[in-house]
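User: I would like to go through this model and ask, for each label, what it rests on. Please set each value against its cut-off.

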Amino acid sequence: MVLVLLAAMPLLAEEPRLNKQGNGWVEVTTGTVKPAKIVKINTDAGSVSVTGGDAPNITWVVTKRSYMRNETEARRKFSEFKMRSVARPEYMVLEGNYLGGSGLDIQISVTLPRNTAVLKIETRGGSVNVNNVAGKVDTATLGGSIRLSGVGGPALARTSGGSIDVGEAGGELRLETNGGSISVGSATGHVMARTAGGSVKLGSAPNAVLETAGGNIQVDKCSGELKASTAGGNLNIGQVEGPATLETSGGSIHLGSAKGVVKATTSGGGIHLNHLAYGAIARTAAGPITTEFVAQKGNFSDSILETSVGDVVVYLPSDLAVTVKATIENAVGHTIHSDFPEVKVNKNGGDYGPAEVYGQGAINGGGPLLKISTTSGNIELRRGGR
């Protein structure tokens, strides 16, 4: 390993230490440099781990492992990876160049002051782990997972072949992966998460946009607006303090509560929307719909509930003013039941073709429109809670 200094600031680096461990060889190099506002780590290969702490300086440890037959071959293999360090008053750069092919495992561990303003990491062959850094974090890898925890500023994480796991974040998050799942414990800023091949899980955030082409989406709490879409999974959403847009092409949708307008669409599953403080637009091509409205007068907005195959069950507050229009297109064996006498149920046809059943009425004098329709299924209008 060669460590080259191109800086005016003092740099302390130890000579590499070579040891035999089991069937392989290990080479360890450590170094120290004064702190900088901006720290960049760029390496052709290897995993990178960075931890913030109370130490005044920046220290690093480069560990290389190989399974060569003897010490001479091990040293030759270790020389294929070279690290260069550049230190300036405002920034410090660690650059790793891998001149070989395979057979070398590289781990880079860095400890720096927690109050580092900017940390940027890029590796083309390993995982990234960042813990307890107060500033902005920008990470990217072409071949590994990314884990962030205790990040105080905004964070960007991108990987082409692994998962992304965020514990606690104190700023905005932008997370992108082409081949893994995404998990966020909590964030105080806006969360944008996209994956082409895994599930998405969010503990809490003020606002979020979550997208996956091949997995489920789970959200515990969103204190603002939520947008969640998947092309191949279920949506399991807990508490949303604002509006919600929920879309899936191949699964069910379940929502615990929302204090804004809800739009829920699926091509192949049921929709269950609970404790809705405003209106809802819910459509499914094959599945039941159940909605529970708790809206107060003046908050409810025009709502549409539509399914091609399935029952529709709606719970309404007893004092909610709403105008109902409900229709069953093919009512053979199906009917409309209402706990509200204002909704009158009638039937058309049935002698020479499918019968249509429809119900209309102005509950509590009428108000915003509630349109309910199913091609084949029952419709139930229930009073109050369950």
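**Labels and their grounds**

Analyst: The model is a predicted one. Ala205 has a relative accessibility of 4% and is therefore called buried, the cut-off being under 20%.

User: Where is Ala205, and what does Ala205 touch?

Analyst: Ala205 belongs to strand S20, residues 200-205. Leaving out residues up to four places away in sequence, Ala205 touches Ala187, Gly189, Val191, Lys221, Cys222 and Ser223. Its C-alpha is 9.8 Å from that of Leu173, with the two positions 32 residues apart in sequence.

User: Why is Ser373 called buried?

Analyst: The relative accessible area of Ser373 is 15%. Buried means under 20%, so Ser373 meets the definition. Ser373 sits in strand S37, which covers residues 369-376. Beyond four places in sequence, Ser373 touches Leu305, Glu306, Thr307, Val312, Thr327 and Ile379.

User: What makes His275 partly exposed?

Analyst: Its relative accessibility is 43%. Partly exposed lies between the limit for buried, under 20%, and that for exposed, over 50%, so His275 is given this label. His275 is in strand S28, residues 271-276. His275 is not a glycine, although its phi is positive, at about 50°.

User: Which loop holds Asn364, and what is its phi?

Analyst: Asn364 is in the loop between strand S36 (356-363) and S37. Its phi is positive, about 55°, although Asn364 is not a glycine.

User: Why is Asn364 called partly exposed?

Analyst: Asn364 has 37% relative accessibility. The label applies between 20% and 50%, so Asn364 is partly exposed.

User: What makes Gly366 partly exposed, and not buried?

Analyst: Buried would need a value under 20%. Gly366 has 24% relative accessibility, so the label is partly exposed. Gly366 is in the loop between S36 and S37.

User: Which residues does Gly366 contact, and how far is Gly366 from Ala355?

Analyst: With neighbours within four places in sequence set aside, the contacts of Gly366 are Ala321, Val322 and Thr323. From Gly366 to Ala355 the C-alpha separation is 27 Å, and the two are 11 residues apart along the chain.

User: How do you know that Ala74 is buried?

Analyst: The relative accessible area of Ala74 is 0%. Since buried means under 20%, Ala74 qualifies. Ala74 lies in helix H1, residues 71-78.

User: Which residues does Ala74 touch?

Analyst: Not counting residues up to four places away in sequence, Ala74 touches Trp25 and Met68. Ala74 and Trp25 are 49 residues apart along the chain, and their C-alpha atoms are separated by 6.5 Å.

User: Why is Phe78 called buried, and where is Phe78?

Analyst: Phe78 is in helix H1. Its relative accessible area is 0%, so Phe78 is buried by the under 20% criterion. The C-alpha atoms of Phe78 and Gly214 are separated by 40 Å, with the two residues 136 positions apart along the chain.

User: How many helices and strands does the chain have, and what makes the chain more spread out than a compact globule?

Analyst: The secondary structure amounts to one helix and 38 strands. The radius of gyration is 29 Å, whereas the globule rule gives 21 Å for 386 residues; the value is well over the rule, so the chain is more spread out than a compact globule. The C-alpha trace spans about 95 × 40 × 30 Å along its principal axes.

User: What share of the chain is buried, and what share of the contacts joins residues 24 or more positions apart?

Analyst: Of the 386 residues, 46% are buried. Among contacts with a separation of 6 or more, 39% join residues 24 or more positions apart.

User: What do the surface and the charges look like in numbers?

Analyst: About 16700 Å² is exposed, and carbon and sulfur atoms supply 47% of that area. There are 36 positive and 33 negative side chains, with the centres of the two sets 6 Å apart.

User: What pLDDT does the chain average, and where does pLDDT stay under 50?

Analyst: The average pLDDT is 91, and 94% of the residues score at least 70. Over residues 1-12 pLDDT stays under 50; the model has 42 contacts beyond four places in sequence for these residues.

Methods. Residues are numbered from 1 along each chain as its sequence is written. This is a predicted model: local features need pLDDT of at least 70, side-chain atom pairs count only at pLDDT 80 or more; totals for chains, interfaces and linings use all residues. Side-chain values use heavy atoms; hydrogens and water are left out. Helices (H or I, at least four residues) and strands (E, at least two) are DSSP runs, numbered from the N terminus. Buried means under 20% relative accessible area, exposed over 50%, partly exposed in between (1.4 Å probe, protein chains only). Contact means heavy atoms within 4.5 Å. The radius of gyration is taken over C-alpha atoms; the globule rule is 2.2 Å times the number of residues to the power 0.38. Accessible areas come from the Shrake-Rupley method with a 1.4 Å probe; for residues, only the protein chains shown count as cover. Lys and Arg count as positive and Asp and Glu as negative; His and the chain ends are not counted. The place of a charge is taken as NZ of Lys, CZ of Arg, CG of Asp or CD of Glu. pLDDT is the predictor's confidence in each residue, from 0 to 100.
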